[in-house]
Amino acid sequence: MINIFSGQTLTCQQEEYPIGDRCCLACPPGNYVEIQCFKYRSTSCMLCPDGTFMDKPTGHKECYTCTNCDAGLVLKVKTSCTTTSDAVCEPLDGFYCIDVTENNCVAARKHRICHPGQYINQAGTASTDTVCSDCSTGTFSDGTFTSCQPHFQCESVNLQLIKAGTVSTDAECGEKSSNVTVAVIISVVLFLLISAGLVSFFYFRRKKMPFRPGEDDRTIKMLTWFCWMIIFLPSHDSAD
């Protein structure tokens with residue numbers, strides 16, 4: 001205990017603190033003052049209890065309460081509290097700090113989400129938000145890509161374009177349709193229709209007129225030849 005008077009002013013050393021008309025030895029970091037010093041006894045110190053800290057020499061009679069990194073405020077513990085230092089908080093994953101007090105995050109906000117048609121130009125961190133940018137023509141992104149991707153070229157793999165790509169979706173490809181197949185289907189349909197017509201024609205004709213072998217045979221042959229020409233020509237042209 002040291003008493004230094006300069007007129008009416010009491011001046012204490014760096015590791016002391018004033019109390020009344022005397023200077024008492026300060027308690028070290030991690031401690032608080034249990035009993036003040038007096039004439040024949042130095043300061044009595046006690047360790048800070050759990051959940052409290054003291055980060056410098058002190059004359060306080062209690063320690064500071066540790067900061068609570070509240071998950072409800074989207075914060076988590078970056079550095080745990082000790083008897084000599086406070087806890088340090090940081091945002092939960094997917095959030096960034098918007099309010100810092102004495103190097104400690106006290107409020108956070110969710111990272112921006114890039115929309116379809118945008119890509120992640122800069123990923124968000126604990127201290128910065130995500131930066132999104134728009135895709136250019138001929139490219140696309142669903143919002144989760146770190147760069148826009150070029151639309152797939154269907155022709156490069158001998159496929160045909162089914163649906164053109166947009167800034168948010170890729171092009172859709174499909175197998176090329178066969179002209180021969182289409183022609184065959186059309187020919188079969190025509191054949192069935194004409195056959196049905198011929199059957200109906202001769203059915204009703206026989207009911208009204210007697211059968212004439214020579215003339216009716218020629219008519220049947222001509223109509224049959226005509227049907228086969230209808231079927232054969234589209235298929236042949238498509239194959240060419």
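Let me begin with the second largest pocket, whose lining consists of Lys 78, Val 88, Cys 89, Glu 90, Pro 91, Cys 97, Val 100, Asn 103, Asn 104, Cys 105, Ala 126 and Ser 127. What we have here is a predicted model, in which local features need pLDDT of at least 70 and side-chain atom pairs count only at pLDDT 80 or more, while totals for chains, interfaces and linings use all residues. Residues are numbered from 1 along each chain as its sequence is written, and side-chain values use heavy atoms, with hydrogens and water left out.

A word on what a pocket is: on a 1 Å grid over the protein atoms alone, it is an open set of points with protein on both sides within 12 Å along at least five of seven lines, as opposed to a cavity, where a 1.4 Å probe fits but cannot get out, and a lining residue has an atom within 4 Å of a point. The second largest pocket holds about 150 Å³ of space, a volume being the space filled by probe spheres set on the points, with grid points joined across faces, edges and corners. Its lining divides into seven nonpolar, three polar and two charged residues, where Ala, Val, Leu, Ile, Met, Phe, Trp, Tyr, Cys and Pro count as nonpolar, Asp, Glu, Lys and Arg as charged, and the others, Gly among them, as polar.

Which strand supplies the largest share of that lining? Strand E10 does, with four residues, and E10 (88–91), E11 and E12 each supply at least two; strands here are DSSP runs of E, at least two residues long, and helices are runs of H or I of at least four, numbered from the N terminus.

That leads to the largest pocket, which contains about 210 Å³ of space and is lined by Phe 53, Thr 67, Asp 86, Ala 87, Val 88, Thr 101, Glu 102, Asn 104 and Val 106. By class this lining has four nonpolar, three polar and two charged residues. Val 88 and Asn 104 appear in this lining and also in that of the second largest pocket.

Now to the hairpin itself. Strand E11 (residues 95–101) and strand E12 (residues 104–110) run antiparallel and are joined by six bridges, strands being paired if DSSP finds at least two bridges between them. Thr 101 stands opposite Asn 104, and two residues lie between the strands of the hairpin, with Glu 102 in the turn having a positive phi of about 50 degrees. Elsewhere on these strands, the charged end of Lys 110 sits over the ring of Phe 95, 5.4 Å from its centre, the criterion being NZ of Lys or CZ of Arg within 6 Å of the ring centre and within 35 degrees of the ring normal.

Turning to aromatics, how many aromatic pairs does a search of the whole structure find? It finds two, and Phe 140 and Phe 145 form an edge-to-face pair, at 5.9 Å centre to centre and with 75 degrees between the planes. For the cut-offs, rings of Phe, Tyr and Trp (its six-membered ring) pair if their centres lie within 6.5 Å, with planes under 30 degrees apart counted as stacked, over 60 as edge-to-face and the rest as tilted. Phe 140 is buried, at 11% relative accessible area, whereas Phe 145, at 25%, counts as partly exposed; buried means under 20%, exposed over 50%, and partly exposed in between, with a 1.4 Å probe and protein chains only.

Two further residues deserve a look for their backbone angles. Val 74, in the loop between strand E8 (64–65) and strand E9 (75–79), has a positive phi near 55 degrees and is buried, with a relative accessible area of 17%. Asn 158, in the loop between strand E16 (149–150) and strand E17 (160–163), has a positive phi of about 60 degrees although it is not a glycine. Is Asn 158 buried or exposed? Asn 158 is exposed, at 54% relative accessible area.

Finally, some C-alpha to C-alpha distances. Ala 171, which is buried at 14%, is 21 residues from Pro 150 in sequence and 9.4 Å from it in space. Ser 44, in strand E6 (residues 44–47), is 18 residues from Ala 26 in sequence and 9.4 Å from it in space. Pro 49, in the loop between E6 and strand E7 (52–53), is 33 residues from Thr 82 in sequence and 9.9 Å from it in space.
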